[in-house]
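Work through the exercises below with the sequence and the three-dimensional structure side by side, and try each task before reading its solution.

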Amino acid sequence: MKAHDVVIHEADATRIDAVLQRFLGDSSSAAALLIDRSGQPLAETGTARTLDIGSIGALAAAAFSSTAALAQLLGESEFSVLFHEGVRESMHVSTVDEQTILLAIFDERTTIGMVRLFARAIGVILEETRKRPKRVGALAAPLTADEARRASDHRPA
């Protein structure tokens, strides 16, 4: 399955949003993004709505992809985690599954273990989603970039 074939049904999107909201509450993180391997945002919560998530997602996915080449040079299939530590905020980027990445922006109150725990919970939901039969017909067509942008602008907070 290619990354652009990812289809998340409304019920699963609601479950993912609930996991991300719980993650923010439990971890005191500022933001959490679920992105595909190309950097396209699939879900977001926290202050992510005030950030340039398109750029952050694309750059994080590119960094993740480039470290895959480093991992292969060391005999690994990939590195499953990237961690960037700043003075005030840090970013943890981790594999959820073969197609998705969880990106968390946080300060010193969050542990890396908590990020990994919630990444696994989202992975379970995505695995269930991918096992469902695909819809066919006009309603099954992917959203255009403009349609996706409008849909995310109108999501309840």
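**Exercise 1. Determine how exposed R15 is, and describe the salt bridge that its side chain makes.**

Solution. Begin with accessibility: R15 has a relative accessibility of 34% and therefore counts as partly exposed, given that buried means under 20% relative accessible area, exposed over 50%, and partly exposed in between (1.4 Å probe, protein chains only). Before going on, note that this is a predicted model, in which local features need pLDDT of at least 70 and side-chain atom pairs count only at pLDDT 80 or more, while totals for chains, interfaces and linings use all residues. Residues are numbered from 1 along each chain as its sequence is written, and side-chain values use heavy atoms, with hydrogens and water left out.

Next, look for the partner: the side chain of R15 meets that of D12 in a salt bridge, with 3.5 Å from N to O, the term requiring a side-chain nitrogen of Lys or Arg within 4 Å of a carboxyl oxygen of Asp or Glu. D12, for its part, is buried, with a relative accessible area of 2%. Finally, place the pair in the fold: R15 and D12 are 3 residues apart in helix α1 (residues 10–27), and so about one helical turn separates them. Helices here are DSSP runs of H or I with at least four residues, and strands are runs of E with at least two, numbered from the N terminus.

**Exercise 2. Find which residue forms a salt bridge with R22, and state where the two lie.**

Solution. The partner is D26, whose closest approach to R22, N to O, is 3.2 Å. Both residues belong to helix α1, where they are 4 residues apart, or about one turn of the helix. As for accessibility, R22 is exposed at 53% relative accessible area, whereas D26 is partly exposed at 42%.

**Exercise 3. Explain why the salt bridge between R37 and E78 ties together separate parts of the chain.**

Solution. First establish the contact: the closest N and O atoms of R37 and E78 are 3.1 Å apart, which makes the pair a salt bridge. Then locate each end: R37 lies in the loop between β1 and β2 (41–46), and E78 in the loop between α2 and β3 (81–85), so the pair links parts that are 41 residues apart in sequence. R37 is partly exposed, with a relative accessible area of 25%, and E78 is likewise partly exposed, with a value of 25%. By the rule used here, the count of salt bridges comes to 3.

**Exercise 4. Describe the surroundings of D36, asking which charged side chain is nearest and what polar contact is made.**

Solution. D36 is found in strand β1 (residues 31–36). This residue is buried yet has no salt bridge, and the nearest side chain of opposite charge, that of R37, is 8.2 Å away; in this count Lys and Arg are positive and Asp and Glu negative, while His and the chain ends are not counted. The side chain of D36 does, however, make a polar contact of 2.7 Å with the side chain of S38. A polar contact is a pair of N or O atoms within 3.5 Å; within protein, one must be able to donate a hydrogen and the other to accept it, and residues adjacent in sequence count only if both atoms are side-chain atoms.

**Exercise 5. Establish whether V96 is buried or exposed, and list its contacts beyond its neighbours in sequence.**

Solution. V96 sits in the loop between β4 (90–95) and β5 (100–106), and its relative accessible area of 13% means that it is buried. When neighbours within four places in sequence are left aside, V96 is in contact (heavy atoms within 4.5 Å) with L34, I101, L102, A119, I122, G123 and L126. The C-alpha atoms of V96 and D36 are separated by 9.6 Å, although the two residues are 60 residues apart along the chain.

**Exercise 6. Summarise the chain as a whole in terms of its elements and its buried share.**

Solution. The chain has 4 helices and 5 strands, which run α-β-β-α-β-β-β-α-α from the N terminus on. Of its 157 residues, 34% are buried. Among contacts with a separation of 6 or more, 53% are between residues 24 or more positions apart.
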